[in-house]
Amino acid sequence: MAKAKKEEQNSKPRVRIGIMNTLFILAGADFILLLAPQYGLLNSMFFIGDLITWSALLSGIVLLLLGFRGVYRKK
């Protein structure tokens with residue numbers, strides 16, 4: 001009779017996803033999709049000033065960068 005092989009430990013560490021960083025990614029993507037100048041969903045329905053749209057676009061990009069910077073953590 002052959003012996004059963006022992007289960008080997010997984011060599012890769014588990015990856016955890018940060019909740020706060022995920023929320024930053026979602027908020028940044030929403031800002032970009034809703035308020036992007038000339039292409040945003042709210043911009044196509046309503047007139048929104050350039051100052052608001054460009055600042056929302058920049059803040060959306062910053063939120064995306066902050067979110068992607070530390071979204072994955074090793075356990």
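## Contacts and overall layout

Take the contacts in the chain between residues at least 6 apart in sequence: 69% of them join residues at least 24 apart. Keep in mind that this is a predicted model. The secondary structure comes to three helices and two strands, and walking along the sequence you meet them in the order β-α-α-α-β.

As for dimensions, the C-alpha atoms fill a box of roughly 80 × 20 × 15 Å along the principal axes. The radius of gyration is 21 Å, where a compact globule of 75 residues would have one near 11 Å.

## Surface and burial

Of the 75 residues, 23% count as buried. The accessible surface of the chain adds up to about 6,900 Å², and carbon and sulfur atoms own 65% of that.

One bit of that surface to look at is a nonpolar patch formed by Ile19, Met20, Leu23 and Leu26, which together have about 430 Å² of accessible area. Met20 sits in helix α1, which covers residues 19–35. Its relative accessible area is 52%, so Met20 counts as exposed, the cut-off being over 50%.

## Where α1 meets α3

Two C-alpha pairs are handy for tracing how distant parts of the sequence come together. Ala29, a residue of helix α1, has its C-alpha 7.0 Å from that of Leu64, with the two positions 35 residues apart in sequence terms. Ala29 is partly exposed, at a relative accessible area of 27%.

The other pair is Arg69 and Asn21: they are 48 residues apart along the chain, and their C-alpha atoms are separated by 8.1 Å. Arg69 belongs to helix α3, residues 50–69. With a relative accessible area of 69%, Arg69 is exposed.

## Val71, just past α3

Val71 is in the loop between α3 and β2, the latter being residues 72–74. Is Val71 buried or exposed? At 7% relative accessibility, Val71 counts as buried, because the limit for that label is under 20%.

What does Val71 touch, not counting residues up to four places away in sequence? The list is Arg16, Ile17, Gly18, Asn21, Thr22 and Ile25. Asn21 turns up here as a contact of Val71, having already appeared as the partner of Arg69 in the 8.1 Å C-alpha pair. For a contrast in the other direction, try Lys6: Val71 and Lys6 are 65 residues apart in sequence and 34 Å apart in space, C-alpha to C-alpha.

## The α1–α2 loop and Asn43

Between α1 and α2 (41–45) there is a loop, and Gln38 is in it. Gln38 has a phi near 70 degrees, which is a positive value in a residue other than glycine. Gln38 is also exposed, with a relative accessible area of 71%.

Asn43 in helix α2 is a different story: at 18% relative accessible area, Asn43 is buried. That call rests on the under 20% cut-off. The side chain of Asn43 reaches back to the backbone oxygen of Ala36, at 3.2 Å.

Which residues is Asn43 in contact with, leaving aside neighbours within four places in sequence? They are Leu34, Leu35, Ala36, Pro37, Gln38, Ile48 and Thr53. So if you click on Asn43, look for Ala36, whose backbone oxygen takes the side-chain approach, and for Gln38, the residue with the positive phi.

Note on methods: Residues numbered from 1 in each chain as written. Heavy atoms only, no water. Patch = residues over 30% accessible without salt bridge, like charges linked within 9 Å, V, L, I, M, F, W, Y side chains within 5 Å. Areas by Shrake-Rupley, 256 points an atom, 1.4 Å probe, with all protein chains shown as cover. Salt bridge = Lys/Arg side-chain N within 4 Å of Asp/Glu carboxyl O. Helix = DSSP H or I, 4+ residues; strand = E, 2+ residues; numbered from the N terminus. Buried < 20%, exposed > 50% of the residue type's maximum accessible area, 1.4 Å probe, protein only. Rg over C-alpha atoms; globule rule 2.2 N^0.38 Å. Contact = heavy atoms within 4.5 Å. Polar contact = N/O pair within 3.5 Å; in protein donor to acceptor, adjacent residues only side chain to side chain.
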